[in-house]
Amino acid sequence: MKNITSSLALVFMLLAPLASSAQSPAPAVDETLLRRGNELYQYWCATCHGRGPGHPGTQALETRYGGALPAVLEDRPNLTPDFVGAFVRNGISIMPFFRKTEINDEELAAIGAYLSHTPIK
Amino acid sequence: MASKYIALPKGVSEKDFDAAIVKFREILGNDSVLTSAEQLAPYTKTMMPVSDAEHTLSAALLATTVEQIQKIVAVCNQYKVPIWTISTGKNLGYGSAAPAERGQVVLDLKRMNRILEVDKDLAFALVEPGVTYQQLYDYIKEHKLGLWLSMPAPTAIAGPVGNTLDRGVGYTPYGEQFLFACGMEVVLANGEVLRTGMGSMPNSNTWQVFKWGYGPYLDGIFTQSNYGIVTKFGFWLMPAPPAFKPFAIQYQHEEDIVEIVETIRPLRISGVIPNAVVIAHALYEAPVTAKRSDYVSGPGSIPDEAVHRIMKDHKLGIWNVYAALYGTQEQIDVNWKIVMEAFLRSGKAKILTEEEVAEDAAFTYRAKLMCGEMTLTEFSLYNWRGGGGSMWFAPVSQARGSETLKQMALTKQILAKYGLDYSGEFIVGMRDMHHIVDVLYDKTDPEQVKAAYQCFDELLTEFSARGYGTYRVNTAFMDKVAETYGPVQRNIHKTLKKALDPNGILAPGKSGIR
């Protein structure tokens, strides 16, 4: 609670390399979950994190990564459900939090699954 | 011994709070009473320049029915536990979802999200507090109702109940949103349920069409207040017009605000331009496409020379007027001629039609706001400094050019003293202007946090000394603003509070009322 921003930064540093270098076999794809995740992403996230000008979340990530990682979340190769969940629940910097009364745990898991699963994006 | 709670309400023992929590769980179930640090984290992040610890809640209650709320207030009265009610909890820049005071319990009504009625013919809606603008927008589209919403810039994730109760403004002809509110259901501190206006009469079907009822009009006392918990809210919607013509007008000099306001006022009062027009400074619009770091580095506010480079690079005026015409094409053609003649008279204005700036990202989001379309583009402002610090400074001005120039100059001067930029706009009301300035700072930089706090405090002090009142403020400065309106109003607010909520359980501190 003392310093969420620092905690999230730590989560980011720890998770990003692990996620991108994971070697374990890909789990079975739950297409229904991914479709649901896509719908929820478009509803809750895309107004800020969509492609093109006028999307403040994408703009913030462009500045943060300076091209080292894609600014559009759907293009990111290294996201995991836990990573997505931490930012959605707590927010970071300019990004607001989202409570479970807005996006419940099941919906958050679907969004996390969608953003972590590159092929169908 | 360390408490099992991350905070406790002021004056409430842990033993009593334990007992209250047990009763809350009996009412709501275990899963809907949150007390752990992890569960409560999303309620604690604010954008204000104070420690989040000052606004840390003790628990969150996730209610879904009026009956549950009635039982919750009974428990609160028994144990003197204060509750801070939120709807969508997205009052960003004004306090977000966090309570006014450390230890208050947040009553989260986001799950009360039923759209109870939308009447196509009479053009009204009745909704619960958790309904978002996006949800209502989708409902109207799905049912092909042909009605438009008026909403603030954070459209998709905020909602009409919370925004209107805090007297937020939008950008359509229904932009002064509380003017279009019609009927509320309110749970009072004693557990009684009041329906305001015509809603008090059994079998009435005019609750959402006639605002005044009989006797003193009560709806106003449930806005920006803590006299009850609004559980249903009625408001009018604008029928989609046959034609809509958004346009922009640019001016190149800050002093031109005088001409702009003097030109717009008669057009607005007479209804030629019917919507809540925006006069946005270049630094309010620039963040949509520009990065501050491309123009300036180091401490201090951005120099005028850099602002002029931004204007050139991003095709902005120093003032950017966004307005629209509504009606049939014939009505629009007539009014467009009047608008053109008025603005072109001095030779200073550059008028841009939708056809000329359709691809411009700033124009696009402004046009969306003026016709009730969802967008979050204005949040680009938060990228200007980064770091998640924002407070809305919101003084009211007469719609008179000389006054707006004075307010702009004073604001800019005080912001510059603290190294902050003037990201301001004027939203034109019927005869007033909401002067809205986003005081942006980096919340991860302790020096900027300190400067932002002192700056905001000085803005309030200096403006009130000149008779300029603030219409809305974040939860860290509510007492200060309440003080500026004088002791008589404050005493009346307190008298009402004592009468309606003798134990002070409902949102103590809201608008400085306890």
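The following conversation asks how the terms used for this predicted two-chain model are justified.

Mentor: This is a predicted model, in which local features need pLDDT of at least 70 and side-chain atom pairs count only at pLDDT 80 or more, while totals for chains, interfaces and linings use all residues. Residues are numbered from 1 along each chain as its sequence is written, chains are lettered from A and ligands numbered from 1 in the order in which they are written, and side-chain values use heavy atoms, with hydrogens and water left out.

Trainee: What makes a space a pocket or a cavity?

Mentor: On a 1 Å grid over the protein atoms alone, a cavity is a set of points where a 1.4 Å probe fits but cannot get out, whereas a pocket is an open set with protein on both sides within 12 Å along at least five of seven lines. The largest pocket has a volume of about 1,000 Å³, where volume means the space filled by probe spheres set on the points, with grid points joined across faces, edges and corners. By the cavity rule, there are four cavities of 30 Å³ or more, and the second largest holds about 110 Å³.

Trainee: Which residues lie nearest the centre of the largest pocket, and how many line it?

Mentor: A lining residue has an atom within 4 Å of a point; the largest pocket has 49 of them, with A:G57, A:A60, A:L61, A:R64 and A:I94 nearest its centre. Helix α3(A) gives the most to this lining, with eight residues, where helices (H or I, at least four residues) and strands (E, at least two) are DSSP runs numbered from the N terminus.

Trainee: What classes of residue make up the two linings?

Mentor: Ala, Val, Leu, Ile, Met, Phe, Trp, Tyr, Cys and Pro count as nonpolar, Asp, Glu, Lys and Arg as charged, and the others, Gly among them, as polar. By that rule the largest pocket has 31 nonpolar, 12 polar and six charged residues in its lining, while the lining of the second largest cavity has nine nonpolar, three polar and no charged residues. In that cavity, β10(B) gives the most, with three residues.

Trainee: Why are β1 and β3 of chain B called edge strands?

Mentor: Two strands pair if DSSP finds at least two bridges between them, and the open sheet of four strands in chain B has the order β1-β2-β4-β3, with mixed pairing. In it, β1 (33–34) and β3 (83–86) of chain B each have a single partner strand, so one side of each is left without a neighbour in the sheet.

Trainee: How do you know that β1(B) and β2(B) are paired, and in which sense?

Mentor: They share two bridges, in the antiparallel sense, which meets the requirement of at least two; within this pairing, B:V33 has B:L61 as its bridge partner in β2(B).

Trainee: How many residues does each chain bring to the contact, and what area is buried?

Mentor: Contact means heavy atoms within 4.5 Å, and by that measure chain B brings 41 residues and chain A brings 26. Buried area is the accessible area (1.4 Å probe) that two parts lose on being put together, summed over both; here it is about 2,700 Å², of which carbon and sulfur atoms give 62%. B:P42, B:K45 and B:N383 supply 22% of the area that chain B buries against chain A, more than any other three residues.
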